[in-house]
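Q: How should one read burial, helix length, strand pairing and annotated spans in a model? Please take them one at a time.

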Amino acid sequence: MPERPTTEHLLEVRDLSVEFHTAAGTVKAVQNVSWHLDRGETLAILGESGSGKSVSASAIMNLIDMPPGKITSGTILFNGRDMLKMTAEERRAINGAKIAMIFQDPLAHLNPVYPVGWQIAEMMTTHGKPGADASARALDLLKRVGIPEPEAAMRKYPFQFSGGQRQRLMIAMAIACKPDILIADEPTTALDVTVQAQVLALLEELQRETGMGLLLITHDLGVVAEIADRVVVMNSGHIVETGNAAEVYRNPQHAYTKKLIDAAPGKGEIPAERERQGEPLLKAVGLKKTYGAFHALKGVEFSIMPGETVAVVGESGSGKSTLARAIVRLDDPQEGQVLYRGKDLLAMSAKEVFGLRRDLQMVFQDPTQSLNPRMSVFRLISEAWVIHPDILPKEKWKDRVAELLVKVGLKPDMADRYPHQFSGGQRQRIAIARALAMEPKLIVCDEAVSALDVSIQAQVIALLDGLRREFGLSYLFIAHDLPVVRDFADRVIVMKAGEIVEEGTVRQIFDAPRHPYTQALLAASLDPDPQVQAARRSARHNLEGLVPA
Amino acid sequence: MKSFIGKRAIASGVSLVVLVVIVFFLSRLTGDPTNLYLPIDATQEMRDQFRQMHGFNDPLIVQFGRYVMDLVQGNFGNSLRQARPAMDVVLEAFTWTLWLAVITMVLVTIAAIVIGSLAAFRVGGVFDRLATFFSLIGAAAPDFWVAIVAIVIFAVNLHVLPTSGTGSVWHWVLPVSVLFIRPFGLILQVVRGSMISVLSSAYVKTARAKGVQSRSIIFVHGLRNAMLPVITVIGDQAAAILNGAVVVETVFGFPGIGKLMIDSILLRDFAVVLAVIMVSALAIFIMNLLIDLAYALLDPRIRY
């Protein structure tokens, strides 16, 4: 008789291996992964994209489509029973009721055509609660997770909420049946820092109230430092390290963990300040932009010196992307001037702007969308010279593309490939090479590294920094991630609701922020060091004077 | 919403006017219908009298002016062939076609949605393959051929259904069945495709993580989202039948608007042709409005 597996843990994954059969061959998503979760504990699975960090959660929730997926080995013990041997109906009864899950992008994960009250109540009616009771509890849950005007909110649709509120709605739905375990897959990745802090705090409070086990899947060391008791570090389908979160950070055993911790931005010395002298390369004066009744920019002024990196930080809706688009004339403001070497870009004719286009280039957040999927890398990069033939004679294009690819850390023979054949980080390098092809003076980076894994992010930042030194480039660096800004920028502009609330050197902003909003942003930003984070937490609690109800 | 409907009505009114003008002049280009209506041995005097009576002697622009004046007073002119108001003739025929379209499209919609959704749930399964196979044949089948074969089999050989005309429920079976085939094939394909993408969406993943039953995932979470592209095709297909299922109505001798249109064109019954066009255009306008309203009804993000 086979030995019946036993476990003293609430949830235990043993020796799990999952494969996916794709056109390109079999991908071993996770191999022999084992971990466990206890009641009241928070376990973080840390890894970069493609590490397989979400696969075991998908296996627990029975979300792996088979085929193409296949669980080749392992057991998943929940309360001592192997979930992989249960019937589909038994699995369904556990999903939501006993083990609930929330996801990264709450807008995509809420059904767009049903009111949120109904969607939350459905969690309970699915598991046998009568409709009226479920609605009543849904309303209580909306109050509990801090949704304003909960009665009205019940009848609203997901698109009518902000990103942070949507994640609160997901959380309300997930805890509706008082599950034993809550799995949170990158729950705060798409959120602003201050909202991220609130959502993590909410998860923690709910865990304290209910004693549920929390499984957190994340790429962010800061999130681990903030909330996790234990951490499992994954790399290409294997667990490389596991242990107490603080100990793993302080004393990482595996080379990959060390690399990950080293790549985390925002540590070390702030680089020495450079003097600002001479004429600014670009100067914005009194920029105003409205969309209907919404004031996106309310008279913004700043300047960029040659060779300088100016970061614009702020949360969603602060107007930072509108500013970026105004600078390169993708979206003209209604009022104000953008003086490029003393000449107003906004007052120029289309022909004059065309001549200057090559000086001002932009790198966007999502290279998957900003690179035409039907153009080869060679065509993507050389298109610049098709449009501006005076830059380079045609016979030199091939050599120059190869040269640019080497410059951004790719190989010259990659020129014939198409964007989908590259990883996210490589695609962003292609986008940078394309911008460099124009031989620009200023590159506007709109969240250009936000979508990248930490280690890739560090590489791209190093690349941008090297190019600045080599070509004397200036950057306008739009970001929401403060540690990256600290590493990369010379000066920082803090925006809120269409206005600049504070401006200064990196040292001034990070060491001595004056404006309360800058202080709040910095306080909410997560440090990868659990000790630093613990200190900040207690400081935050003292600041608030109470644990929020 | 009201202003949206108002704007739409104005835009449609303008296109209707343009359409009437074009059709009026184009139809007169086909010549004088006198010879079609009078016996071959009619005297020149009788011919002149006929022309005089129906105003075919006046310059085109005068005829047009008269037509417009009558139109403004709600008079669509008389049918040459039936010698009664053209609009009465058209509305009679339109009622038949409307029923034909409604019955067919209700059956098509229900069948295509249920079968298409189930096919999408297990892509590549036996059910999916069968549904796809038959729907592609249906979408490609020429209706004149299907109609004739159906008559041969069910009316001529088996004697179970009447060949043509109206009168009993049985008269509807063949026209509805033949009209059913192509829209069913097309709409099933659209439902299946739309449902496949919806079922792989993030919110369906959430529903699975909630433990929602498969039936609810398909027909509650999936269907309402999957219906948006489907509605457009349903509207198109319904409009095609409303505009006159010319072939099917002719083959089955069904007194609908398609058959009336062909007959009036052949007989140069101008007043009826114009009335048919106006009624069809109005039907299309209402159909498009209904599609837009259905969009707003299904998707709260769409507001006019």
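A: A residue is called buried if 20 or more other C-beta atoms lie within 10 Å of its own. The model discussed here is a predicted one. In helix α17 of chain A, the residues that satisfy this criterion are A:G425, A:R427, A:Q428, A:R429, A:I430, A:A431, A:I432, A:A433, A:R434, A:A435, A:L436 and A:A437.

Q: What does this say about the surroundings of α17(A)?

A: Because 12 of its 14 residues are buried, α17(A) is largely enclosed by the rest of the structure. The elements of chain A that cover its buried residues include β16 (360-363), α14 (367-370), α15 (377-387), α16 (397-407), β17 (442-446) and α18 (454-471).

Q: How does the span of α17(A) follow from its 14 residues?

A: The expected span is 1.5 Å times one less than the number of residues. For residues 424-437 of chain A this gives 20 Å, and the end C-alpha atoms are indeed 20 Å apart, so the two values agree. Just after the helix, A:E439 has a positive phi of about 50°.

Q: Which elements pack against the buried residues of α9(B)?

A: An α-helix has 3.6 residues a turn, so residues three or four places apart point the same way. In α9(B), which comprises residues 202-210, the buried residues are B:Y203, B:T206, B:A207, B:R208, B:A209 and B:K210. Against them pack β6 (99-102), α3 (106-109) and α4 (116-126) of chain A, as well as α10 (214-242) of chain B. B:G211 follows the helix, with a positive phi near 85°.

Q: How is strand β14(A) paired, and where does it turn into a hairpin?

A: In a regular strand the side chains alternate between the two faces of the sheet. Strand β14 of chain A (residues 335-340) runs antiparallel to β11(A) (residues 282-291), with five bridges between them; A:Q337 is the bridge partner of A:V285. Two bridges also join β14(A) to β15(A) (residues 343-344), again antiparallel, and there A:L339 stands opposite A:D344. The hairpin of β14(A) and β15(A) has two residues between its strands, and A:R341 in the turn takes a positive phi of about 50°.

Q: Which parts of chain B carry the annotation "transmembrane region"?

A: An unreviewed UniProt entry assigns it to residues 9-29, 96-121, 133-160, 180-204, 216-234, 240-258 and 270-298 of chain B. In the model, residues 96-121 are 100% helix, with end C-alpha atoms 38 Å apart. Residues 216-234 are likewise 100% helix, and their end C-alpha atoms are 23 Å apart.

Methods: Residues numbered from 1 in each chain as written. Chains lettered and ligands numbered in written order. Predicted model: local features only at pLDDT ≥ 70, side-chain atom pairs only at ≥ 80, totals over all residues. UniProt positions renumbered as here; feature names shortened; annotations may be inferred. Helix = DSSP H or I, 4+ residues; strand = E, 2+ residues; numbered from the N terminus. Contact = placed C-beta atoms within 7 Å. Pairing = 2+ DSSP bridges.
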